[in-house]
Amino acid sequence: MAACACSSIRKAARAVTELYDRILKPSGLRVTQFALLHVLASGGSTTITRLGQILVIDRTTMTRNLKPLVNQGLITIEAGQDQRTRVVTLTPSGREALAKALPLWEKAQTRVVEGLGRQRWSTLLADLSAVIALARLE
């Protein structure tokens, strides 16, 4: 019997998440929070729905993941152009938290990339992009 693609990918994702979380711990951020702040820093304010699309996270999970960041004052969530839309914005405190976490993230990233080797890393990135595209086909 072949290995289950879903189980194998999820196992790898959990292991890598654990590594990044361990290295990011001194910053007070988890890698999922770091990713949210990074997207906001890179692209500016955006809706919860769009943020979920970028990070491939459903709206309910995204809303749950944003709450601690709001409580810490790292982001704000305000009404958008209509009542159903919520816009997420990075605060100055969020920028500071991201700046503090960035060197730690770079340490984790270097460990993974150098551990795999640049060629394997490039191949893995391409393969993961293909898996995401495949999974999104209806």
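The exercises below, each with a worked solution, concern a predicted model.

**Exercise 1.** Determine how the strands of the open sheet are ordered and which of them are edge strands.

Solution. Start with the order: the three strands of the open sheet run β1-β3-β2, with antiparallel pairing. Next, look for strands that pair on one side only; these are β1 (46-47) and β2 (75-79), the edge strands. Then take the pairing of β2 with β3 (residues 86-90), which is antiparallel and has five bridges. One residue of this region, A79, has R86 in β3 as its bridge partner. Finally, add the helix: α4 (residues 59-71) lies across β2 and β3, at about 125° to β2.

**Exercise 2.** Describe how helix α5 is placed against helix α6, and which residues meet.

Solution. Two packed helices are described by the angle between their axes and the distance between them. For α5 (residues 92-116) and α6 (residues 118-136), the axes come within 5 Å and cross at roughly 105°. Angles of 65 to 115 degrees count as roughly perpendicular, so α5 is roughly perpendicular to α6. On the α5 side the residues are Q109, V112, V113 and L116; on the α6 side they are R118, R120, W121 and L124. By type, the contact has five nonpolar residues, one polar and two charged.

**Exercise 3.** Find which elements supply at least two residues each to the largest nonpolar core, and trace the contacts of L37.

Solution. The largest nonpolar core has 27 residues. Elements supplying at least two residues each are α1 (5-24), α2 (31-43), α3 (48-55), α4, β3 and α5. L37 is among the residues with the most contacts inside the core. Leaving aside neighbours within four places in sequence, L37 touches L29, L69, L74, I75, L90, G94 and L98.

Note on methods. Residues are numbered from 1 along each chain as its sequence is written. This is a predicted model: local features need pLDDT of at least 70, side-chain atom pairs count only at pLDDT 80 or more; totals for chains, interfaces and linings use all residues. Side-chain values use heavy atoms; hydrogens and water are left out. Axes are lines fitted to C-alpha atoms, for helices over the stretch in contact, and angles run from 0 to 180 degrees between N-to-C directions. Helices (H or I, at least four residues) and strands (E, at least two) are DSSP runs, numbered from the N terminus. Angles under 35 degrees count as roughly parallel, over 145 as roughly antiparallel, 65 to 115 as roughly perpendicular and the rest as oblique. Contact means heavy atoms within 4.5 Å. Ala, Val, Leu, Ile, Met, Phe, Trp, Tyr, Cys and Pro count as nonpolar, Asp, Glu, Lys and Arg as charged, and the others, Gly among them, as polar. Two strands pair if DSSP finds at least two bridges between them. A nonpolar core is a set of buried Ala, Val, Leu, Ile, Met, Phe, Trp, Tyr and Cys residues joined through side-chain atoms within 4.5 Å. Buried means under 20% relative accessible area, exposed over 50%, partly exposed in between (1.4 Å probe, protein chains only).
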